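Let's take a look at a protein together with its ligand. Have the sequence and the 3D view open while you read.

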Amino acid sequence: MNTNKKDFSKFLSFVLRHQPETIGIKLDEHGWTDIQILIKNARARGKHMTLEAIQEAVRISDKQRFAISEDGLRIRANQGHSVKVDLALPVVTPPDILFHGTASRFMQSIMKEGLRPGSRHHVHLSATLQTAITVGARHGVPIVLRVMAREMHEAGHKFFLSANGVWLCDQVPPRYLIRNHDDKQTK
Ligand code: HQG
């Protein structure tokens, strides 16, 4: 993706996940916003935007970050929000193991407190080791944790699966976390 397209996608993430008010748009309770109002308000604030550019950003997003409603009129981010929205995601039984990629400097705190959502709504977990390594590398030297998802599920923790395949849960207590030691072999 070229820099312009990346910036455009980051801008969409910013207003659809974190600060819709900066361009005067509102998200409904499920995170949707009207595409024409988004375009109009972005333009009024000097951010050039067209329907075609939005449709392309949705289509080429490497992680399928956005969804357009079936009627084509609204858009939302599939996950990653800090603003309060209810994505109305189904509760799903997780696989036995999920992965969480983080950075080595967070490990001490994570092994003490468990995984916390921080500024986001949920803790984000990956289905594959490789994805977790990529997520962790965003923060520094990547470390991968194995999450005993099935055991958590059996103990009553809820798991949700976003439309773009990210596993979400409220928190992960430390007893369900195991350091994965194969990180380097898969690179
Ligand atoms: C860490 C990207 C200290 C956590 C990715 C992570 C993902 C703790 C950081 C999505 C902690 C939060 C989310 C504790 C958790 N003490 N640190 N107790 N508990 N942490 O970016 O999971 O490109 O909010 O390990 O692909 O890295 O945005 O979450 O390192 O799916 O679409 O606190 O963001 O997708 O960082 O990434 P983030 P994340 P997008």
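**Who surrounds the ligand?**

With three residues, α4 provides the largest share of the shell around the ligand. Keep in mind that this is a predicted model. As for where the ligand ends up, that's the largest pocket.

**The shell**

- Two elements, β4 (97-103) and α4 (107-113), each bring at least two residues to the shell around the ligand.
- There are 17 residues around the ligand, and the ones that come nearest are H100, T102, S109, R120 and H139.
- Sort the shell by class and you get seven charged, six polar and four nonpolar residues.

**Side chains and ligand atoms**

- Find H139 again: an N or O atom in its side chain is 2.7 Å from an oxygen atom of the ligand.
- K63 also has a side-chain N or O atom to look for, and this one is 2.9 Å from an oxygen atom of the ligand.
- With E113, the ligand's partner is a nitrogen atom, 2.9 Å from an N or O atom in the E113 side chain.
- How much of the ligand does the protein cover? On its own the ligand has 790 Å² of accessible area, and the protein covers 84% of that.

**The two domains**

- The protein chain splits up into domain 1 (3-77) and domain 2 (98-179).
- Measure from C-alpha centre to C-alpha centre, and domain 1 and domain 2 lie 27 Å apart.
- Why does the ligand lie between the two domains? It does so because domain 1 and domain 2 both give residues to the shell around the ligand.

Notes
Residues are numbered from 1 along each chain as its sequence is written. This is a predicted model: local features need pLDDT of at least 70, side-chain atom pairs count only at pLDDT 80 or more; totals for chains, interfaces and linings use all residues. Side-chain values use heavy atoms; hydrogens and water are left out. A residue is near a molecule or strand if one of its heavy atoms lies within 4 Å of it. A polar contact is a pair of N or O atoms within 3.5 Å; within protein, one must be able to donate a hydrogen and the other to accept it, and residues adjacent in sequence count only if both atoms are side-chain atoms. Accessible areas come from the Shrake-Rupley method with a 1.4 Å probe; for residues, only the protein chains shown count as cover. On a 1 Å grid over the protein atoms alone, a cavity is a set of points where a 1.4 Å probe fits but cannot get out, and a pocket is an open set with protein on both sides within 12 Å along at least five of seven lines; lining residues have an atom within 4 Å of a point. A molecule sits in a cavity or pocket if more than half of its atoms lie within 2 Å of its grid points. Helices (H or I, at least four residues) and strands (E, at least two) are DSSP runs, numbered from the N terminus. Ala, Val, Leu, Ile, Met, Phe, Trp, Tyr, Cys and Pro count as nonpolar, Asp, Glu, Lys and Arg as charged, and the others, Gly among them, as polar. Domain bounds come from an automatic or database domain assignment.
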